[in-house]
Amino acid sequence: MLCNMVLNGLEEVVHGVGPKRISKVHIIRYADDFVITAGSKEQLTEILAKVKEFLSQRGLNISEAKTRILNIEEEAFKFLG
């Protein structure tokens, strides 16, 4: 529950707000783990910067060891095991 309270608003950051809203972006979240999908590497790079800022404002940071930008058509990944 605490994690949900701290990360409340993350979806809005990921999707953007107003007329610049990024389309074809999805976030899958379970507690403090999440996967973000988008149409391009450029979109994901922009989103990652926004997520880092969002977390920093809450005294948190991204695990660089667990964070990757990849093409899911070329490379598989596991989420939650």
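1. A strand, as the word is used here, is a DSSP run of E of at least two residues, and strands are numbered from the N terminus. Ile-28 sits in one of these, strand β1, which covers residues 26-30. Is Ile-28 buried, exposed or partly exposed? Its relative accessibility is 43%, so Ile-28 counts as partly exposed. Glu-11 is 17 residues away from Ile-28 along the chain. In space, the C-alpha atoms of Ile-28 and Glu-11 are separated by 9.4 Å.

2. Now the overall fold. This is a predicted model. The protein chain has three helices and two strands. Along the sequence the pattern reads α-α-β-β-α. The chain has 81 residues, and 22% of them count as buried.

3. Ile-62 is one of the buried residues. Its relative accessible area is 15%, and buried means under 20%. Ile-62 belongs to the segment after α3. Leu-48 is 14 residues from Ile-62 in sequence. Their C-alpha atoms are 9.2 Å apart in space.

4. The N-terminal end carries a nonpolar surface patch. Met-1, Leu-2 and Met-5 make this patch, which comes to about 420 Å². Met-1 lies in the segment before α1, a helix that spans 2-6. Leu-2 is in helix α1 itself. How do the relative accessible areas of the patch residues stand? Met-1 is at 80%, so Met-1 is exposed. Leu-2 is at 60%, so Leu-2 also counts as exposed; the cut-off for exposed is over 50%.

5. Leu-2 has a further relation worth checking on the model. Asp-32 is 30 residues from Leu-2 in sequence. The C-alpha to C-alpha distance between Leu-2 and Asp-32 is 10.0 Å.

6. Next, the salt bridges. How many does a search of the whole structure find? The search finds four. Three of them are taken up in the next points.

7. Lys-66 pairs with Asp-33. The closest N and O atoms of this salt bridge are 3.3 Å apart. The two residues come from distant parts of the chain, 33 residues apart. Lys-66 is in the segment after α3, and Asp-33 is in strand β2. Their accessibility also deserves a look. Lys-66 has a relative accessible area of 61% and is exposed. Asp-33 has 24% and is partly exposed.

8. Glu-46 pairs with Lys-50. Here the closest N and O atoms are 3.4 Å apart. Why are the two separated by about one helical turn? Because Glu-46 and Lys-50 are four residues apart in helix α3. Glu-46 is partly exposed, at 42% relative accessible area. Lys-50 is partly exposed too, at 32%.

9. Glu-64 pairs with Lys-52. Their side chains meet in a salt bridge of 3.2 Å, N to O. Glu-64 lies in the segment after α3 and Lys-52 in helix α3, so this pair ties together parts that are twelve residues apart in sequence. Glu-64 is exposed, with a relative accessible area of 51%. Lys-52, at 34%, is partly exposed.

10. Last, the largest pocket. Its volume is about 1,100 Å³. The lining has 33 residues. Which of them lie nearest the centre? They are Phe-34, Val-35, Lys-66, Thr-67 and Arg-68. Lys-66 has come up before, as the salt-bridge partner of Asp-33.

11. Where does the lining come from? The elements that give two or more residues are α1, β2 (33-37) and α3 (41-56). Helix α3 gives the largest share, six residues. By class, the lining of the largest pocket has 20 nonpolar, seven polar and six charged residues.

12. Some places to look at on the model. For the surface, start with Met-1, Leu-2 and Met-5, which make the nonpolar patch. For the salt bridges, helix α3 holds both Glu-46 and Lys-50, and Lys-52 lies in helix α3 as well. For the pocket, helix α3 is again the place to look, as the source of the largest share of the lining.

Methods:
Residues numbered from 1 in each chain as written. Predicted model: local features only at pLDDT ≥ 70, side-chain atom pairs only at ≥ 80, totals over all residues. Heavy atoms only, no water. Patch = residues over 30% accessible without salt bridge, like charges linked within 9 Å, V, L, I, M, F, W, Y side chains within 5 Å. Areas by Shrake-Rupley, 256 points an atom, 1.4 Å probe, with all protein chains shown as cover. Buried < 20%, exposed > 50% of the residue type's maximum accessible area, 1.4 Å probe, protein only. 1 Å grid on protein atoms, 1.4 Å probe; cavity = no way out; pocket = protein on both sides within 12 Å on 5 of 7 lines; lining within 4 Å. Points joined across faces, edges and corners; volume = space filled by probe spheres on them. Nonpolar A, V, L, I, M, F, W, Y, C, P; charged D, E, K, R; others polar.
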